[in-house]
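Please look over the structure shown here. Some questions about its helix, surface and charged side chains come after it.

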Amino acid sequence: MKTLLAIAAAVALSGCGLDVASSAATAAAARKQEIQEAQKTMQQTQQKIDSAMQQMQQRADSNNQ
């Protein structure tokens, strides 16, 4: 009887571990996606900044001529 109780407890506890591991994997995947989206946004913002700087330089060059 004690062995059966110990096995049942071990199964119950291992199930909790799987749930935690699954939750951690899901959270990690979500975080990875957030990071990828943030990097994409950062690249787009950098392109806009570069474009604005180029336009400012062109205006400055045309005003100096």
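What follows is a short exchange of questions and answers on this model.

This is a predicted model, in which local features need pLDDT of at least 70, side-chain atom pairs count only at pLDDT 80 or more, and totals for chains, interfaces and linings use all residues. Residues are numbered from 1 along each chain as its sequence is written, and side-chain values use heavy atoms, with hydrogens and water left out.

Reader: How many helices and strands does the protein have?
Author: Helices (H or I, at least four residues) and strands (E, at least two) are DSSP runs, numbered from the N terminus. On that basis the protein has 1 helix and 0 strands.

Reader: What percentage of the 65 residues counts as buried?
Author: Buried means under 20% relative accessible area, exposed over 50%, and partly exposed in between (1.4 Å probe, protein chains only). Of the 65 residues, the share that counts as buried is 0%.

Reader: Is isoleucine 49 exposed or partly exposed?
Author: Isoleucine 49 lies in helix H1, which spans residues 2-63. Because its relative accessibility is 43%, isoleucine 49 counts as partly exposed.

Reader: Which residue meets arginine 31 in a salt bridge?
Author: A salt bridge is a side-chain nitrogen of Lys or Arg within 4 Å of a carboxyl oxygen of Asp or Glu, and the count by this rule is 1. The partner is 3 residues away in helix H1, so about one helical turn separates the two. At 3.2 Å, N to O, the side chain that meets arginine 31 is that of glutamate 34.
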